[in-house]
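Biologist: I'd like to learn how to read a protein model. Could you walk me through one, feature by feature?

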Amino acid sequence: MIKTEHLQYTYRTDKTPIEFVLDDVNIEIKTGEFVAVLGHNGCGKSTLAKHFNGLLLPTGGNVYVSGMDTKDEELYWNVRRSVGMVFQNPDNQLVATVVEEDVAFAPENLGIPSEEIRERVDSALKAVGMYEYRKHAPHRLSGGQKQRIAIAGAIAMRPQCIVLDEPTAMLDPQGRKEVINTIKKLKDEGMTVVLITHYMEEATKADRVIVMDKGNVVLDDVPRNVFKEVKLLKKIGLDVPQVTELLYNLKKAGLPVNYDVLTVEECADELAKILL
Amino acid sequence: MLKDITLGQYFPIESPLHNMDPRTKILGLVFMLVAIFAANGVIGYLTVAAFTLLIVLLSKVPFKTYFKGLKPIWFIIIFTGVLNFFLTPGTKIYIGNFSTGATIEGVILAGKMALRLVLLIISSSALTYTTSPISLTDGIEKLLLPFSKMGLPAHELAMMMSIAIRFIPTLIEETEKISKAQQARGADFDSGNIIKRAKALVPMLVPLFISAFRRADELAVAMESRCYRGGNGRTRLNPIKFKKIDLTTAIIFTVFFAIVIALRFI
């Protein structure tokens, strides 16, 4: 679906030596996969996300979306419509004053006939569970609801993939839950999802976790194997899920437990083993 | 206080007025405004007032909402009213043998002015209550289209307007937040003379501007991600169509306008 080859990027080409924000990133995201990208602030994860739909073009190397090179100017809009983007601040990505008109923005830009726009808007709003709010004004909704509208606005383009750049960073716990449940639902319906985040608990739900540091990919594996690397994650300034941390510390204290757990249930089972 | 502004707020319900082509409503409002100022004599005023009442009823927006919209202009009405009472030359009004200083002509003039202002606000509100900002700007865009051949960026103007309207509540909220944050650090917005107060606004305006620029930047990226590339080739969710109801309305408006003008010259 999305493939990067020796991707390099710098915001400043005039400075020598060139400081790359992304330096030789090689990843491949398969169709239908749910990938989480983790990393500390300034590790280049947002910059990477902006390459997935051609908002930024590589300084070196290539990015392919469904086989299309993002540098190819003729394929520019095809790339954009294949990858939907959702950003951090819900307020700054809604353009209209009525929910359904906002969701209609992308299909309108694509020049789709009105009847089909109506159908796309309705199905997108139903997919995120906001259909009853279609006539509401976005500024009256909660953060979680606004972010779901932003997701609906992206999927109304009918993209094959949706990239979310820290969609929950500005939300309260309730809103965060709403957004994560929506993302999981989209994934179950066959959408390719790339979730950029710094919440470990969200990353545990992905099929695969990519950890970035200083413009490089340092880990790329299933969540269970990634979070086993407690030492490495701590070294680059990341946390591990609380349950992993607890068992990791118990193990360090000499107790016979496995710390490759991701959920509270698994952690409880591990603890039960040593207590019973 | 800032949240009281109702002018320009859309009231999302179903009504004959909501279903109309925004172009009809915009041009209708233009006719209406001219009629309000052209009206003359008791019958003229009654016609305009009755017509405004009809529009209000057709909009199905509660009267209460219209009254709320009038709140900011009560002061102007009363102020100009008092001035008119006393400053219009004419027959003085006496209570017993005591002169009040007001004149009959003044009272009539004040009444006319008040009525005009009220009708003006009500009929403009009727447009904004029944037309969503998007269809309003769509209407303006379509009306300006003939001028775009002369180089007027009709689509861009309409887009700018709709985004501006969209961000009013967001920026109001932000202003309140910044003002509270600055007050918490000891900023004083309410005392001192005008110059002092104006100076006190600087620490509020600077962060507001910076954040507005940041928002603009993020919004541009988000719009680009959703394939925005100007007005060419765009379609609409609710394309504006000139329907039968619009033709009927246009005819009614023309007749009404003719009556008001005729009354003026009889």
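## Reading a two-chain model

Modeller: Sure! Keep in mind that this is a predicted model. Let's begin with the layout of chain B: the C-alpha centres of its domain 1 and domain 2 lie 32 Å apart.

Biologist: Which residues of chain B belong to domain 1 and which to domain 2?

Modeller: Domain 1 of chain B takes in 1-131 + 239-266, while domain 2 covers 154-234.

Biologist: Now the place where the chains meet. How many residues does the contact take from chain A and from chain B?

Modeller: Chain A gives 39 residues and chain B gives 31 residues. The area buried between the two chains is about 3,200 Å², and carbon and sulfur atoms account for 53% of that.

Biologist: What about charges? How many salt bridges are there between chain A and chain B?

Modeller: Here's the general idea: side chains of opposite charge can pair when their charged atoms come close. In this case there are four salt bridges between chain A and chain B. One involves Arg80(A) and Glu224(B), at 3.4 Å from N to O. There are also 16 residue pairs in polar contact between the chains, with both residues at pLDDT 80 or more.

Biologist: Which helices of chain A each supply at least two residues to the side that touches chain B?

Modeller: Those are α2 (76-82), α3 (99-103), α4 (105-109) and α5 (114-127) of chain A. Helix α4(A) supplies the largest share, five residues. Sorted by class, that side of chain A has 18 nonpolar, 10 polar and 11 charged residues.

Biologist: And across the whole structure, how many salt bridges does a search find?

Modeller: It finds 23 over all chains. Try Lys146(A) and Asp91(A), whose side chains meet at 3.0 Å, N to O. Lys146(A) is in helix α6 (residues 143-155) and Asp91(A) is in the loop between β7 (83-86) and α3 of chain A, so this pair ties together parts that are 55 residues apart in sequence.

Biologist: Is Lys146(A) buried or exposed?

Modeller: Lys146(A) is buried, with a relative accessible area of 9%. Its partner Asp91(A) also counts as buried, at 15%.

Biologist: Can I see another pair, one that involves strands?

Modeller: Look at Arg208(A) and Asp220(A), which form a salt bridge at 2.8 Å, N to O. Arg208(A) sits in strand β10 and Asp220(A) in strand β11 of chain A, so the pair joins parts 12 residues apart in sequence. Arg208(A) is buried at 11% relative accessibility, whereas Asp220(A) is partly exposed at 35%.

Biologist: Which residues are linked in a network of salt bridges?

Modeller: Glu100(A), Arg118(A), Asp122(A) and Lys135(A) are linked that way.

Biologist: One last feature, the backbone angle phi. What should I look for?

Modeller: Most residues other than glycine have a negative phi. That gives you a reason to look at positive values. Ser66(A) has a positive phi of about 45 degrees, although it is not a glycine. Ser66(A) lies in the loop between β5 (60-65) and β6 (68-69) of chain A, and it is partly exposed, with a relative accessible area of 36%.

Biologist: Where is Lys214(A) found?

Modeller: Lys214(A) is in the loop between β10 (208-213) and β11 (216-221) of chain A. Its phi is near 50 degrees, again a positive value in a residue other than glycine. At 65% relative accessibility, Lys214(A) counts as exposed.

Methods
Residues are numbered from 1 along each chain as its sequence is written. Chains are lettered from A and ligands numbered from 1 in the order in which they are written. This is a predicted model: local features need pLDDT of at least 70, side-chain atom pairs count only at pLDDT 80 or more; totals for chains, interfaces and linings use all residues. Side-chain values use heavy atoms; hydrogens and water are left out. Contact means heavy atoms within 4.5 Å. Buried area is the accessible area (1.4 Å probe) that two parts lose on being put together, summed over both. A polar contact is a pair of N or O atoms within 3.5 Å; within protein, one must be able to donate a hydrogen and the other to accept it, and residues adjacent in sequence count only if both atoms are side-chain atoms. Helices (H or I, at least four residues) and strands (E, at least two) are DSSP runs, numbered from the N terminus. Ala, Val, Leu, Ile, Met, Phe, Trp, Tyr, Cys and Pro count as nonpolar, Asp, Glu, Lys and Arg as charged, and the others, Gly among them, as polar. Domain bounds come from an automatic or database domain assignment. Buried means under 20% relative accessible area, exposed over 50%, partly exposed in between (1.4 Å probe, protein chains only).
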